[in-house]
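Q: I'd like a close look at one part of this model and how it sits in the rest of the chain. Could you walk me through it in one go?

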Amino acid sequence: MTRRIALFAALVLSAHSVRADDAVIELKPHPTNPMGYATSEFTVKAGQKVKVTFNNTGGIAPQPHNFVLCNPGTLEKVGAAVNAMMTDPAAMSKNFTPESPDILAKMKLVQPGTTESIEFTAPAGVGDYPFLCTFPGHWLLMRGVLKVTQ
Ligand SMILES: [Cu+2]
């Protein structure tokens with residue numbers, strides 16, 4: 001019995017130590033720019049577990065927002081696919097997020113006053129990975145960079 005408890009305690013401890021190694025990214029709307037992230041540059045290690053939380057605090061013009069991570073150099077290409085969704089009657093149910101092999105991680109639209117989180121493993125390749133908000137019209141300004149380092 002005592003041994004079982006000890007094993008359980010060891011498992012709990014190891015689960016916590018893994019968590020401590022995770023990258024935690026907190027996003028929220030920019031306090032004065034209605035189409036901006038409060039912080040638009042983050043650095044994580046290649047292969048690191050990443051938790052992204054978008055806390056849509058509303059800002060000066062409350063709107064839905066999200067976080068979509070793309071392959072290096074594909075921001076304009078993914079943005080063009082986002083624009084093309086304007087004519088898709090099902091775009092809202094797809095969170096205005098296109099199907100694309102260049103999209104590495106995504107979350108649904110976060111309504112003002114709510115919070116969403118996603119978890120993913122950072123890419124193995126070092127580089128600058130762009131992220132954007134796919135709500136219509138936002139990505140031209142609402143964008144950032146996830147720097148993946150060794
Ligand atoms: Cu947005």
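A: Let's start with the yardstick: a residue is called buried if 20 or more other C-beta atoms lie within 10 Å of its own, and exposed if 12 or fewer do. Keep in mind that this is a predicted model.

With that in hand, take strand 2, residues 41-45, where the side chains alternate. Phe42 and Val44 point to one face and are buried, while Glu41, Thr43 and Lys45 point to the other face and are not buried.

Who does strand 2 pair with? Its partner is strand 8, residues 143-149, and the two run in the parallel sense over five bridges. Two pairs help you find the register: Glu41 stands opposite Val145 in strand 8, and Thr43 has Lys147 as its bridge partner.

Zooming out a bit, strand 2 belongs to an open sheet of five strands in the order 2-8-7-4-5, with mixed pairing. Strand 2 and strand 5 are the edge strands, each pairing on one side only. On average, neighbouring strands in this sheet are turned by 25 degrees against each other, if you ignore direction.

Now for the helix on this sheet. Helix 2 lies across strand 4, strand 5, strand 7 and strand 8, and runs at about 20 degrees to strand 7. Within helix 2 (residues 75-84), the buried residues are Val78, Gly79 and Val82. They sit on the same side of helix 2 because they cover an arc of only 105 degrees around the axis. That buried set packs against strand 4 (68-70), strand 5 (103-106) and strand 7 (127-132). Turned away from the buried side is a face carrying the exposed residues Glu76, Ala80 and Ala84.

Leu132 is a handy residue to click on here. Skipping its neighbours within four places in sequence, Leu132 touches Val78 and Gly79, along with Val68, Leu75, Trp139, Met142 and Arg143. Leu132 also shows up in the largest nonpolar core, which has 27 residues. The residues with the most contacts inside that core are Phe67, Leu69, Phe131, Leu132 and Leu146. Strand 2 is one of the elements giving two or more residues to the core, and the others are strand 1 (23-27), strand 3 (49-55), strand 4, helix 2, strand 7 and strand 8. As general background, nonpolar side chains in soluble globular proteins tend to be buried together.

Back to strand 2 for one more link. Val44 is among the contacts of Val50, a residue placed in strand 3. Why does Val50 count as buried? Because it has 22 C-beta neighbours inside 10 Å, and the cut-off is 20 or more. Beyond its neighbours within four places in sequence, Val50 also contacts Asp22, Ala23, Ile25, Glu119, Phe120 and Ala122. The C-alpha atoms of Val50 and Thr121 are separated by 5.8 Å, although the two residues are 71 apart along the chain.

For the whole chain, you get two helices and eight strands, in the order α-β-β-β-β-α-β-β-β-β from the N terminus. Of the 150 residues, 26% are buried. Among contacts between residues at least 6 apart in sequence, 74% join residues at least 24 apart.

Conventions
Residues are numbered from 1 along each chain as its sequence is written. This is a predicted model: local features need pLDDT of at least 70, side-chain atom pairs count only at pLDDT 80 or more; totals for chains, interfaces and linings use all residues. Helices (H or I, at least four residues) and strands (E, at least two) are DSSP runs, numbered from the N terminus. The arc is that of the directions from the helix axis to the C-beta atoms. Two residues are in contact if their C-beta atoms, placed from the backbone, lie within 7 Å. Two strands pair if DSSP finds at least two bridges between them. Axes are lines fitted to C-alpha atoms, for helices over the stretch in contact, and angles run from 0 to 180 degrees between N-to-C directions. A nonpolar core is a set of buried Ala, Val, Leu, Ile, Met, Phe, Trp, Tyr and Cys residues joined through C-beta atoms within 7 Å.
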